[in-house]
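Trainee: Please take a close look at a single residue and then place it in the whole chain.

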Amino acid sequence: FDTRITDVLVIEENDAFEEVKIIGRGGTMWKPVKEYIEKEKPTAAIIFTDMYFGDSITPLKEDVPVLWVISGTYDPEPTFGNKTFIPLGTKGNRTW
């Protein structure tokens, strides 16, 4: 996502996937993601990001578990959810 959601990958129980295609670049805004999660109420949300947001990251109103997959050189602690960090140069990681 950038300033809008460009793609949603729905993963059902027992689905296997081996690749995540990153779509978009720059201008990351939290508001459209938050609105989507609060409207659709998924079982969980996995958010791929570099954590450079153009707006404030406010907690969700819904009780949806969030996993932040953070890639790049910036390794912040999100204010909610869990995170995993993939530093630049890690095999399979694209340079942003």
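Mentor: Threonine 49 counts as buried because its relative accessibility is 3%, where buried means under 20% relative accessible area, exposed over 50% and partly exposed in between, with a 1.4 Å probe and protein chains only. This is a predicted model, in which local features need pLDDT of at least 70, side-chain atom pairs count only at pLDDT 80 or more, and totals for chains, interfaces and linings use all residues. Residues are numbered from 1 along each chain as its sequence is written, and side-chain values use heavy atoms, with hydrogens and water left out.

Threonine 49 belongs to strand β1; helices (H or I, at least four residues) and strands (E, at least two) are DSSP runs, numbered from the N terminus. A polar atom of the threonine 49 side chain lies 2.9 Å from the backbone nitrogen of methionine 51.

As for the surroundings, the protein has 1 helix and 3 strands, in the order α-β-β-β along the sequence. Its largest nonpolar core (buried Ala, Val, Leu, Ile, Met, Phe, Trp, Tyr and Cys residues joined through side-chain atoms within 4.5 Å) has 13 residues. Those with the most contacts (heavy atoms within 4.5 Å) inside this core include Trp30, Ile47 and Trp68. At least two residues of the core come from each of α1 (31-40), β1 (45-49) and β2 (66-72), and β2 gives the most, with 3 residues. In soluble globular proteins, nonpolar side chains tend to be buried together. Over the whole protein, buried residues make up 26% of the 96 residues.

Note on methods
Polar contact = N/O pair within 3.5 Å; in protein donor to acceptor, adjacent residues only side chain to side chain.
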